[in-house]
Amino acid sequence: MSNKQYQFKLVLLGESAVGKSSLVLRFVKDQFDDYRESTIGAAFLTQTVTLEDQTTVKFEIWDTAGQERYKSLAPMYYRNANCAVVVYDITQTASLEKARTWIRELQRQADPSIVIALCGNKLDLAARRQVSQEEAKKYADEEGLMWMETSAKTGEGVAEVFTAIAKKLPLTALPSRAGAGRTAAGARAGVDLNKQAANHGQNEPCNC
Amino acid sequence: MDEEYDVIVLGTGLTECILSGLLSVEGKKVLHMDRNDYYGADSASLNLTQLYRKFRPNQAPPTELGRDRDYAVDLVPKFIIASGELTRILVHTDVTRYLEFKQIAGSFVYRDGKISKVPSTEMEAVKSPLMGLFEKRRAKKFFEFLQNWRDDDSTTHQGINLDKDTMKQVYEKFGLEPGTQDFIGHAMALYLDDDYINQSARPSYDRIILYTSSMARYGKSPYIYPLYGLGELPQSFARLSAIYGGTYMLDKPIDEIVTDNDGKFVGVTSGGETVKAKQVIGDPSYFLPQDGSGKVRVLEEGKVVRAICILKHPIPGTDDSDSVQIIIPQNQVGRRNDIYIAMVSSTHNVCAKDIYIAIVSTIVETDKPELEIAPGLNLLGPIYDKFVTISPLYTPTSSGQADNIFITRSYDATSHFETVVEDVQDVWKRVVGKDLVLKKREVEVQE
C-alpha cells in the first residue's frame, strides 16, 4: 500500500582519514579499497534503502571532497541537509574530539530538525581501540544523536547506519524543500537550466 | 604546506572559483586560498552578522530583521542572463546540481520621472506606455529586422552592414526617437553609457539578440538568480574544484607574493610559511602596491558606488514584484553612466519574509558618489538601513605570461556576469595558452 518514495540529502562529516568516503563506498557499491586516496571525482552518490513497509528512502550523499581539511567547508554543504553521518576513528581519540566540533557546527549551521548519526569507524581495528563504546555512547545520548560502530573494510554495521537513519527521518511529510527535491526531475519550483540546454546548441538566437 | 602546486588561486570570488574548478577538472593541482573566513570574496553573499561586521563593526544586527541564517546579502548587484555564457558554463560543468534558480520577476526602465516595465510579451508591448502608437510600429520593424537578420542572406540586410554602419545609422534608418534609442541601448543592449551609438552596430545587435532570447526563455525577465544568493555560485565552483582534488584554505591572510630575481612567481607566503607553485591567479586585492614587491601590478580604471539597502516593502510602482531590475538611463538624469537598481527578496531565500534587499549602483563620476545614486535611492521609498561602498575597478597591468602572475579584474558595474565570463576566458588563455573549450562533465551520480 505504502510504496512511498522519499529523498533526503545526507552529508558526511569528520576528520580527514577517518573513512568517510570508504563508508559511503561500502554502502553504495559494497566495495572497499585499502589504499584509497583522498576523495577525488565522485562526491555525489545516491543509494536507496527499502524499509520493511516497502517505503523507499533515497539518500543523496554529499562527501566533503576534502574541504573539511582547512576549515573551508562551504555553507552550501550544510544547506537543506536532512541528515548527517559524523564519523570518527575508534583507534584515534582525537578524531572523536573533531567529531564533537563538527556536531557543534551542524547544530549551528544546519536545520534544527537534522538527524545526526555519530559513527565510530574502523571496527576491524578494535584491537587498537582508543575510544571506548561507553564514552562515545554517553556523548551521543547527551546530545540526542544516534550512535553506532562500523567497519567500512568488513562492511560490519554499515548498511545498519543508513537504515537506522532512514527509519528515524520524518516520513510523515515530504522533505520540506531541499536539495532533496532538487534532483527529482520537474519537481522544482524554479527554473531548470539543464532543460534549456537542449535548445541552446542550435544557434537559437536566430530561431526566434 | 610543503607540497608544490601547479596553480595557487587567491580569493574565492566567482571568477577565481570558475577558473579553479576548470583547472582542477583539467588535472591541475590547485591550492585555493582566501584571506576571509567565508567564500566569495567581492562576490560573496553575507549573513546579517557578516554584513554588520563588515560595514558596522561596532553594531550588532537589529533583532527585528529576524534570523541571521535567513540572510544572504549580495555585495555585488548582478543577475544571470538566461541565455548567456555563465549559464553555459553552469550547465557544462554540471554544477547546476548544487544550485536552484528562480526568475527575476521583471525589468523596469525609468523614463520622465516614472518607471515602466520592459515589455516581455507582445501584449505588454502593445500596452506599454514607453512608446506612442506610431513609434511602436517603427520599433516593431526594427526588431523584425534584427530577428530576421542572416549574415549570409543579403536580402535580410535592408542595405545595412552591421560591421561597418554605426548603431546611430541603424536607428536613423528605422526613424527611432531618442527615447526609444535610450530604451533599446540601455534597457535591452544594457550599455552603461552612450559610446556605443557611434560604434559598429554589430555588438549592439548581439546584445539585443542575447536580451530577447534570454527574455524568451522563461518569460518574465531575461534574468535568473540562484536561491540563497549569488554567493552560491563561487561555492558551487569551489566544490567542483575540490571534487577534482583542489585544496581549499579559508581565513588565510597572504603576507607576500614571492618572486625570484627575474621577477618570476615562486610562491605565496601565509602565516610565515611559503607554498610554491608554477603559477598564481588572484583577484586584484591580492596584488595591490602593498603586496611587498613594490611592483605596480594593477591599475584603477574607475570606481563603482553601491548602496545595499534593506527595505520593508517592495519597490513602489513595480506591481509588488518580489525581484526586479530597474535601469535609469544616463540621459534621463543628466549623467554619463546609467544607474542600476537590483532587488531580490525572501522568494530567493536571501532575507527574512517581508524584507527586500535593493542595491543601487553606478560608475562614479564626481567626488560625491552617494549623491550620484540619489535618483535611484529616491525610487525605493523608506530605506530601513543602507550600506554604501565605493569600490575601485582594477585591471591588471600585464598579461602575466612573463612572470606567471595572472590577475583577474574587479566586478564591474554591468548588471550580469557576461564580463566575468569574458575575464575567465581571457585569464584561462593567458594561464593555459589555449582557448577555453567547455567539455560536458561526465555525470557521476550513481543511481
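The following exchange asks what supports several descriptions of this predicted model.

User: How is the model numbered, and what limits apply to its features?
Analyst: Residues are numbered from 1 along each chain as its sequence is written, while chains are lettered from A and ligands numbered from 1 in the order in which they are written. This is a predicted model, in which local features need pLDDT of at least 70 and side-chain atom pairs count only at pLDDT 80 or more, whereas totals for chains, interfaces and linings use all residues.

User: What makes parts of chain A uncertain in terms of pLDDT?
Analyst: pLDDT is the predictor's confidence in each residue, from 0 to 100, and it stays under 50 over residues 175-188 of chain A and also over residues 197-208 of chain A. The mean pLDDT of chain A is 82, with 79% of its residues reaching 70 or more, while chain B averages 94, with 97% of the residues scoring at least 70. The model scores ipTM 0.83 and pTM 0.91.

User: Why are α3(B) and α12(B) called oblique to each other?
Analyst: The axes of helix α3 (residues 85-93) of chain B and helix α12 (residues 418-432) of chain B cross at roughly 60° and come within 8 Å. Angles under 35 degrees count as roughly parallel, over 145 as roughly antiparallel, 65 to 115 as roughly perpendicular and the rest as oblique; α3(B) and α12(B) are therefore oblique to each other.

User: Which residues of α3(B) and α12(B) meet, and how do you know that they are in contact?
Analyst: Two residues are in contact if their C-beta atoms, placed from the backbone, lie within 7 Å, and E85(B), L86(B) and I89(B) in α3(B) meet E418(B), V420(B) and V421(B) in α12(B).

User: What makes β5(B) an edge strand, and what is its pairing with β9(B)?
Analyst: Two strands pair if DSSP finds at least two bridges between them, and β5(B) pairs with strand β9 (residues 223-226) of chain B in the antiparallel sense over two bridges. Three strands of chain B form an open sheet in the order β5-β9-β6, and its edge strands are β5 (80-81) and β6 (101-103), each of which pairs on one side only. The bridge partner of I81(B) in β9(B) is Y223(B).

User: What is counted as buried, and what share of chain A is buried?
Analyst: A residue is buried if 20 or more other C-beta atoms, placed from the backbone, lie within 10 Å of its own, and buried residues make up 41% of the 208 residues in chain A.

Methods: Axes are lines fitted to C-alpha atoms, for helices over the stretch in contact, and angles run from 0 to 180 degrees between N-to-C directions. Helices (H or I, at least four residues) and strands (E, at least two) are DSSP runs, numbered from the N terminus. A residue is buried if 20 or more other C-beta atoms lie within 10 Å of its own, exposed if 12 or fewer, and partly exposed in between; C-beta atoms are placed from the backbone.
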